[in-house]
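Here are my notes on the model, set out as numbered points for you to read alongside the sequence and the coordinates.

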Amino acid sequence: MLNGAPPVISTTGLRKRYGRTEALRDLTMDVGAGEAFGFLGPNGAGKTTAVKLLLGLARPSGGHGTVLGRALGDREARRRIGYLPELFRYQPWLRAREVLELHADLLGIGGGPGRKASIGRTLELVGLADRAADLVGGFSKGMQQRLGIGVALLGDPAIVFFDEPTSALDPLGRIDVREIIRTVRARGTTVFLNSHLLTEVEQVCDRVAIVDRGRVLAIGDLNELLGEPEVRVRVAGLSPAAIETFAMFGAAILVDDWLTIRPIDDARVPDLVAAIVRAGGRVHAVEVGRISLEDRFRGLVGAAALTPPASPAARAPGPDWPAAPPR
Amino acid sequence: MIVIAALTIREALRRRLLWVLVGLSLVSVALVAWGVSTLVTMARESGTEEVAIQLGVSQVLILIAFMFSFVLAMTAAFLGSPAIAADLESGIALAILARPIRRADFVVGRWLGLAAVIAGYAAASGLLAIAVVALVSGYSPPNPFVAVVYLAAQAIVLLTVTILLSTRFASVAGGAIAVVAYGLAWMGGVMGGVARALDAPPLAAAADFSRYVLPSDGLWRGVVHGLEPAIVTAGFGGRPEAASNPFFQEDAPPEVFLVWSVLWVLAVVGLAVVSLRRREL
């Protein structure tokens, strides 16, 4: 949250056009220090273009912005920025430790034990400590991705831009990356996460911008975008009078066997279940959730862009569309 | 810039291409030693005058230098054409240029590193070939060090072209364009000499102009002059037909041409910087 503090990333009407294609239109946003900001959209939405503009790797066609209070692409600002590109490969003839040493040199991190310790910590953080002396050319894509994350985190940057950081990782690798992002955030680093993976954004970000075809469709706190929490209980044997008594927990609606209470405080779910049992109900299933980011996303972007199952309850877990966990 | 230059040198040393070239150069030098030694031994046994033998060896040495200049030009094209293009294609450049370095540092660092590698390779292979020929034949050219400097300069000119092309074209395309340009420049020099011998001033002027567009052939003439013995320049100097021989050069390249060559290299490196600066990543 910004909380009145100056934003570390601020853009106004930022645009980028490649020939006839408008890759990004009127991006206006502020990202506060220490936030985990998700930039969510399908492939080709303009997410990578936005990051390249913020880093000065591409020039805007219009609008303006600042990163760390300086103009886009400013060298001093880049000293405090980490970046994991979406499509990249490190020098295959270098060893993992040498790649980090190279980037330490580029950052101007001097020699000495501090530098060695910083590189060692980074290798440890991304799980490559035991592969530090191996040539990058022999790394799997997932290991390269880990190395890339390490490179981005080197030198304790104030902001780190991750462009699809889990795209090449297996499910365990994705969990590791989420943990890394949480660790980095806990240090106070601002995280700008580009992703088309809803779960990833949902699990680690406080605020989200949803983009499609170069336009920002919605931007705000995750709580604002996701709406009110709810609980769905599959229950039998309840009388209409009993259902009315559950109003003390929230608005209750019974459709077929499913009783939905919304909104409800997560902490009161056990009390609700106990009340249902006391009222003679037989509970078969309890699902705590709320409108998922996926549903919000689908509503904004349109069903044509992504076609997973509509109901969170019916949704099959998968790498891109796992069931939203209770929050 | 220094970080990028050091990285470039390390890359050249770790990759196989340079070591393959060094190995092939050593084989070439060994074959040259055997060939020249056999030639000299047989000529002496047949009673050929020593002056004629030395004259013959001097011309063989110029041809050997031409072979090395060609190998160096190709090396420059192969090393230079992917120098930036491959980093852009692989995404390595994205990670590097997001760091607090200027694009100029990246281009100049790449150029400096490769120029050092090529100059070192030119000096080592050129001087080794000259030393081996001197050892087996007793013939030493008048200005071996000057010849090697021109040899390296010619390769650096080609390297500079490929670095410029590398900011805009894919590796293979940039290398191919540079090799064709090198061939055209050499042919331009030959045609200019023939035009001078046949008294065709407009064609000779066009050829002279081509040397300013791409100074590689003009620098090659500096190599020839550095290796040409005084007896040859005294005997053939001033004769119109001598101008048509790309392996004969009476005079050293004029100072104005050398100054132009240095300015040309600086200007093309500058163009490469501007080209990368304007490129969207």
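**Notes on the cores, the fold of chain B and the contact**

1. Leaving aside residues up to four places away in sequence, V107(B) touches I84(B), I163(B), V269(B), A272(B), V273(B) and L276(B). Please keep in mind throughout that this is a predicted model.

2. V107(B) also appears in a wider setting, since the largest nonpolar core has 144 residues and V107(B) is one of those with the most contacts inside it. The others named in that group are I118(B), L151(B), A155(B) and L158(B) from chain B, together with F161(A) and L193(A) from chain A. The element that gives the most to this core is helix α7 of chain B, residues 144-166, with 15 residues. Apart from this core lies another, of 11 residues, among them V233(A), L238(A), A252(A) and L259(A). As general background, nonpolar side chains in soluble globular proteins tend to be buried together.

3. The domain assignment divides chain A into domain 1, covering 9-225, and domain 2, covering 228-290. The C-alpha centres of domain 1 of chain A and domain 2 of chain A are 42 Å apart.

4. What does the secondary structure of chain B come to? There are 12 helices and zero strands, and the pattern read along the sequence is accordingly α-α-α-α-α-α-α-α-α-α-α-α.

5. On overall dimensions, the radius of gyration of chain B is 20 Å, which agrees with a compact globule, because a globule of 281 residues would have a value near 19 Å. Taken along the principal axes, the box filled by the C-alpha atoms of chain B is roughly 70 × 45 × 25 Å, and buried residues make up 44% of the 281 residues in the chain. Among contacts in chain B between residues at least 6 apart in sequence, 82% join residues at least 24 apart.

6. Turning to the contact between the chains, 24 residues come from chain A and 18 residues from chain B. On the side of chain A that touches chain B, the elements giving two or more residues are α1 (47-55), α2 (75-78), β6 (81-84) and α3 (96-107) of chain A. Of these, α3(A) gives the most, with five residues. Sorted by class, this side of chain A has 14 nonpolar, two polar and eight charged residues.

Note on methods: Residues numbered from 1 in each chain as written. Chains lettered and ligands numbered in written order. Predicted model: local features only at pLDDT ≥ 70, side-chain atom pairs only at ≥ 80, totals over all residues. Helix = DSSP H or I, 4+ residues; strand = E, 2+ residues; numbered from the N terminus. Rg over C-alpha atoms; globule rule 2.2 N^0.38 Å. Buried ≥ 20, exposed ≤ 12 C-beta atoms within 10 Å, placed from the backbone. Contact = placed C-beta atoms within 7 Å. Domains from an automatic or database assignment. Core = buried A, V, L, I, M, F, W, Y, C linked by C-beta atoms within 7 Å. Nonpolar A, V, L, I, M, F, W, Y, C, P; charged D, E, K, R; others polar.
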